[in-house]
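User: I am new to this structure and should like to examine one part of it closely. Please explain how the first helix of the second chain is packed, and what surrounds that packing.

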Amino acid sequence: MNQLKKIQYNCKQATFLIEKKLLTRITFREHIELRIHLMGCSVCRLYGAQTRVIGEMVQQLFKSSQPGEVKLDDNFKRDLQQRIETELNKN
Amino acid sequence: MNAVSNQLDPHTWVKSHADYLYAYTIKRISDEEQAKDLVQETFLAALEKVDKFEGKSSERTWLTAILKNKIIDVYRKKSSGLRKDVQEAEHEQEDFFEPIDGHWRSAHAPQAFGMEDVDHLGNKEFNSILQMCMQKLPALWMSVFTMKHMDDADTALICSELKVSPSNFWVIIHRTKLNLRACLQRNWE
């Protein structure tokens, strides 16, 4: 099996390159290999579309502060502020 | 210090920033007790650095930077088990793909499940499934993945902080996304 055939049928390598390409530059050769694979593989094309959306969602998730979703309980906060006051009074 | 520079007011820190810092932490470290500890440690460490605050950033940004370093410390402490994690990742990869030709195994081939045509960026239900799926990841994959996506950290920095080789870094990223995608497909209807 020549190199071209290998990538053409190797979904493991293709999805690996899809992930790499989302985060960094891939080489020209890798780029060509990926394109050839995707032309003939609808499953990996679907994977690529889905994983790109997931990446965007993850980034969105980290960026948004989403106030009110998780909160510390009031007792913990009261104790914490008291601890800070104690430290401040030391000086 | 000029007149418009930011000021610190430790008397209002908890009221103003504790919930924000806690939410910031829990997204990156899905352990409530550890997250609480980190928030507390952040405030106490900040108190000792008050003198060094130059007013160039907002109080919240300054506190978040201290917290961020503490989170990376936690990631680093977990990195001792990383090698095993990567071996596991490479081994389990065979679950998704045929070992001989790298083809998708039919049971694992991605299917359209509606995530392609809905706006998920504002979809709370989808986000909570995503968070649940991320929490299932091995701690170290989560660390690598989170560092890369949360602040767009440099790959070389992540590799050195977590003692991962560049090739293992990509194995982890690949494996993480394969798992997240599969988990989302399983749980989304």
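Analyst: A helix axis is here a line fitted to the C-alpha atoms over the stretch in contact, and angles between axes are taken between N-to-C directions, from 0 to 180 degrees. Two packed helices are described by the angle and the distance between such axes. The structure discussed is a predicted model, with an ipTM of 0.80 and a pTM of 0.79.

The helix in question is H1 of chain B, residues 13–28, and its partner is H3 of chain B, residues 59–78. Their axes lie 11 Å apart and make an angle of about 30°. Because angles under 35 degrees count as roughly parallel, H1(B) is described as roughly parallel to H3(B). The crossing of H1(B) with H3(B) is right-handed. On the H1(B) side, the residues that meet the partner are B:His17, B:Tyr20, B:Leu21, B:Tyr24, B:Thr25 and B:Arg28. H3(B) answers with B:Arg60, B:Leu63, B:Thr64, B:Leu67 and B:Ile71. By class, the residues of this contact are six nonpolar, three polar and two charged.

Each of these two helices also takes part in a wider contact. For H3(B), the setting is the division of chain B into domain 1 (10–78) and domain 2 (79–187). Six residues of domain 1 are in contact with 11 residues of domain 2. H3(B) supplies four residues of the domain 1 side, the largest share. That side of domain 1 holds two nonpolar, one polar and three charged residues.

For H1(B), the wider setting is the contact between the chains, which takes 42 residues from chain B and 39 from chain A. H1, H2 (32–49), H5 (124–135), H6 (139–150) and H8 (166–187) of chain B each supply at least two residues of the chain B side. The largest share of that side, nine residues, comes from H1(B). By class, the chain B side has 25 nonpolar, nine polar and eight charged residues. H1(B) thus appears in two settings: it packs with H3(B), and it contributes to the side of chain B that touches chain A.

A helix pair between the chains may be set beside the pair within chain B. H5 of chain A, residues 74–90, and H2(B) have axes that come within 10 Å and cross at roughly 20°. H5(A) and H2(B) are therefore roughly parallel to each other, and H5(A) passes H2(B) in a right-handed crossing. Here A:Phe76, A:Leu80, A:Ile84 and A:Glu87 meet B:Lys36, B:Gln40, B:Phe43, B:Leu44 and B:Leu47. The residues of this contact comprise six nonpolar, one polar and two charged.

It remains to consider confidence. Chain B has a mean pLDDT of 85, with 87% of its residues at 70 or more. Within chain B, H2(B) has the highest confidence, at 95, and H4(B), residues 82–96, the lowest, at a mean of 69. Chain A averages 86, and 82% of its residues score at least 70. Its lowest confidence is in H1(A), residues 3–9, at a mean of 60, and its highest is in H2(A), residues 11–23, at 95. Where pLDDT is low, the predicted coordinates should not be read in detail.

How values were computed: Residues are numbered from 1 along each chain as its sequence is written. Chains are lettered from A and ligands numbered from 1 in the order in which they are written. This is a predicted model: local features need pLDDT of at least 70, side-chain atom pairs count only at pLDDT 80 or more; totals for chains, interfaces and linings use all residues. Angles under 35 degrees count as roughly parallel, over 145 as roughly antiparallel, 65 to 115 as roughly perpendicular and the rest as oblique. A crossing is left-handed if the near helix is turned anticlockwise from the far one by less than a right angle, and right-handed if clockwise. Two residues are in contact if their C-beta atoms, placed from the backbone, lie within 7 Å. Ala, Val, Leu, Ile, Met, Phe, Trp, Tyr, Cys and Pro count as nonpolar, Asp, Glu, Lys and Arg as charged, and the others, Gly among them, as polar. Domain bounds come from an automatic or database domain assignment. pLDDT is the predictor's confidence in each residue, from 0 to 100.
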